[in-house]
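Colleague: I'd like a close look at one part of this protein, with cut-offs spelled out as you go. Here is what I have open.

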Amino acid sequence: MRLSWALVHSRQPEDVNRGIGMLEASFGKSNSPLQTREKLYLLAVGHYRNGDYTRSRELLERCLEV
């Protein structure tokens with residue numbers, strides 16, 4: 001999770017994309033609602049930093065539902 005956090009907060013677009021990929025790959029493996037919420041939030045941050053604001057908002061709404 002720490003590596004994913006660092007990657008989605010990076011200034012390098014390729015790092016942000018790598019972080020998004022890591023989070024999406026591990027998303028189905030979440031056991032607790034807390035982990036699911038944290039992954040959704042980090043995915044939203046990554047998509048926001050990539051300029052995909054619509055996807056970011058959708059992920060944040062799902063995060064709030066959890």
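Which are the buried residues of H4? Take that helix as the way in, and tell me what surrounds it.

Modeller: Ground rules before H4. This is a predicted model, so local features need pLDDT of at least 70 and side-chain atom pairs count only at pLDDT 80 or more, while totals for chains, interfaces and linings use all residues. Residues are numbered from 1 along each chain as its sequence is written, and side-chain values use heavy atoms, with hydrogens and water left out.

Now your question. The buried residues of H4 are Ser56, Leu59 and Cys63; buried means under 20% relative accessible area, exposed over 50%, and partly exposed in between (1.4 Å probe, protein chains only). Looking down the axis of H4, those buried residues fall within an arc of 65°, so they line one face of the helix. The arc is that of the directions from the helix axis to the C-beta atoms. Over on the other side of H4, Thr54, Arg57, Leu64 and Glu65 are exposed.

H4 itself covers residues 53-65, which is 13 residues, and it reaches 19 Å from its first C-alpha to its last, close to the 18 Å expected at 1.5 Å a residue. That expected span is 1.5 Å times one less than the number of residues. Helices here are DSSP runs (H or I, at least four residues; strands are E, at least two), numbered from the N terminus.

What does the buried face of H4 pack against? The partner is helix H3 (33-49), with contact meaning heavy atoms within 4.5 Å. A good place to see this is Ala44, which is found in H3. Ala44 is buried, with a relative accessible area of 1%. Leaving aside neighbours within four places in sequence, Ala44 is in contact with Ser56, Leu59 and Leu60. The C-alpha atoms of Ala44 and Leu59 are separated by 5.4 Å, although these residues sit 15 residues apart along the chain.

Leu40 is another one to click on. Again leaving aside neighbours within four places in sequence, Leu40 is in contact with Phe27, Leu59, Arg62, Cys63 and Val66. Of these, Arg62 has its place in H4 and is partly exposed, with a relative accessible area of 37%. With the same neighbours set aside (within four places in sequence), Arg62 is in contact with Phe27 and Leu40. The C-alpha atoms of Arg62 and Phe27 are 13 Å apart, for a pair 35 residues apart along the chain.

Stepping over to H3, its 17 residues should span 24 Å at 1.5 Å a residue, and its end C-alpha atoms are 24 Å apart, which agrees. The buried residues of H3 are Thr36, Lys39, Leu40, Leu42, Leu43, Ala44, Val45, Gly46 and His47. They pack against helix H1 (2-8), H2 and H4. Just after H3, Gly51 takes a positive phi of about 95°.

H2 is worth a look too. It has 14 residues and reaches 20 Å from its first C-alpha to its last, close to the 20 Å expected at 1.5 Å a residue. Buried in H2 are Val16, Gly19, Ile20, Leu23 and Ser26; seen down the axis of H2, they fall within an arc of 140°, so they line one face of the helix. On the other side of H2, Glu14 and Ala25 are exposed. The buried residues of H2 pack against H1 and H3.

Where does this leave Leu59 and Cys63 from H4? Both belong to the largest nonpolar core, 11 residues in all, which also includes Val8, Ile20 and Leu40. A nonpolar core is a set of buried Ala, Val, Leu, Ile, Met, Phe, Trp, Tyr and Cys residues joined through side-chain atoms within 4.5 Å. Helix H2 (13-26), H3 and H4 each supply at least two residues of this core, and the largest share, 5 residues, comes from H3.

Zooming out, the protein comes to 4 helices and 0 strands. Its radius of gyration is 11 Å, close to the 11 Å that the globule rule gives for 66 residues, so it is as compact as a globular protein of that length. That radius is taken over C-alpha atoms, and the rule is 2.2 Å times the number of residues to the power 0.38. Of the 66 residues, 33% count as buried.
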